[in-house]
Amino acid sequence: MDGVIIAGAIDRGSELRERAAEAGVPLVFASRASYLDDVDLIRPDNMQAAQLVTEHLIRRGHQRIAWLGGQSSSLTRAERVGGYCATLLKYGLPFHSEWVLECESSQKQAAEAMTGLLRQNPTITAVLCYNNVVATGAWFGLLRAGRQSGEDGVESYFEQRVALAAFADVPEAALDDLPLTWVTTPAREMGKSLADSMLRRLEEGTGETRNQIMPPRLVTRK
C-alpha cells in the first residue's frame, strides 16, 4: 500500500495521521470541513457555497429566507450558516434566529420541521436546506403545509409558493429531479484533485502540507 485517501468525517484525523506516519504511509483527506490544519486536505468551500446560493435566492426576489437542517455541533453546518447569515447582512435583510432550525438528516424529521416552520411563519418565501436528504423531506413538508414550490419572490408571496435550495452532498448525477436549486462541489473535479494531491505527496515525500478548498457551483432545476 503506497498511500491512503480518507473520505468523510475526520474526527479521528489526528490518530490516523499518527498511525500513518509510523507506518510511513502518506494520507490525503477529503472532508466537508476539518479542524485539522497540518494535513493534506481537499474540501468544499462551505461558506462560499452558502453565499452563492443565498445570493441567488435574493436576486430572484426573496427577502424572507429560512434555514433548515444540520446539528449545531457540525462544523460544516456552522460554515454554511455563517455564509447564509453574512449574505443576508450584506443585502440588508433581517436575520431571524427562529427561522434557523436544526434537524437530523431524515426526510421524516425535515418534513415535520418544514410544515411547522411554514405554519408558524407564513411569510417565508424561500428555505435553504442543509443537504439533499433534508431538502427532499422539506419538499414533502411544504406540500403538507398546503404550499407549492416556486422561485420568484413576489409571486411566491402572493401565490403561497416557497423556493427550496439545498447543498448537494452527492454527485450531481444522483440529484433528485425536484425543482430545486442545488449548490454542489463537482465530484469529478474533487476526485481529480485528490488523485493529484496523492501523486504529489508520493513524489515529494514528507514536506509542507496543502489545504485545497474547492469552489462551488449552482445547479438549477426548473
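**View 1. How far to trust the chain.** This is a predicted model, and the mean pLDDT of the protein chain is 85, with 85% of its residues at 70 or more. Confidence peaks in S4, at 97, and bottoms out in helix H6 (residues 153-159), where the mean is 56. Where pLDDT is low, go easy on the details: the predicted coordinates should not be read that closely.

**View 2. The largest nonpolar core and a second one.** The largest nonpolar core holds 25 residues, and the ones touching the most other members are Leu68, Met114, Val127, Leu164 and Leu180. Two or more residues each come from strand S4 (65-68), helix H4 (107-120), strand S6 (126-129), helix H5 (132-144) and strand S8 (161-168). Another core, this one of 20 residues, lies apart from it; Leu88, Val100, Tyr130 and Ala163 are among its members. In soluble globular proteins, nonpolar side chains do tend to be buried together.

**View 3. Helix H5, end to end.** With 13 residues at 1.5 Å a residue, H5 should span 18 Å, and its end C-alpha atoms sit 19 Å apart, so the two agree. A good part of the helix is tucked away: Asn132, Val134, Ala135, Thr136, Gly137, Ala138, Trp139, Gly141 and Leu142 are buried. Their cover includes S4, H4, S6, strand S7 (148-149), S8 and strand S9 (181-184). At the N-terminal end, Asn131 acts as the cap, with a side-chain oxygen 3.2 Å from the backbone nitrogen of Val133. After the helix comes Gly146, which has a positive phi, near 80°.

**View 4. Arg147, a buried arginine in a loop.** Look for Arg147 in the loop between H5 and S7. Its relative accessibility is 6%, and because buried means under 20%, Arg147 makes the cut. The Arg147 side chain reaches the backbone oxygen of Pro122 at 3.4 Å. Setting aside neighbours within four places in sequence, Arg147 is in contact with Leu118, Pro122, Ile124, Leu142, Gln160, Arg161 and Val162.

**View 5. Strand S3 and its two partners.** Strand S3 (residues 41-44) is covered on both faces: Leu41 and Arg43 are buried on one side, Ile42 and Pro44 on the other. That fits the usual pattern, since side chains in a regular strand alternate between the two faces of the sheet. S3 runs parallel to strand S2 (residues 27-30), joined to it by two bridges, and Phe29 stands opposite Leu41. S3 also runs parallel to strand S10 (residues 211-214), this time with four bridges, and here Ile42 stands opposite Gln212.

Note on methods:
Residues numbered from 1 in each chain as written. Heavy atoms only, no water. Core = buried A, V, L, I, M, F, W, Y, C linked by side-chain atoms within 4.5 Å. Buried < 20%, exposed > 50% of the residue type's maximum accessible area, 1.4 Å probe, protein only. Expected span 1.5 Å × (residues − 1). Contact = heavy atoms within 4.5 Å. Polar contact = N/O pair within 3.5 Å; in protein donor to acceptor, adjacent residues only side chain to side chain. pLDDT = per-residue confidence, 0-100. Pairing = 2+ DSSP bridges.
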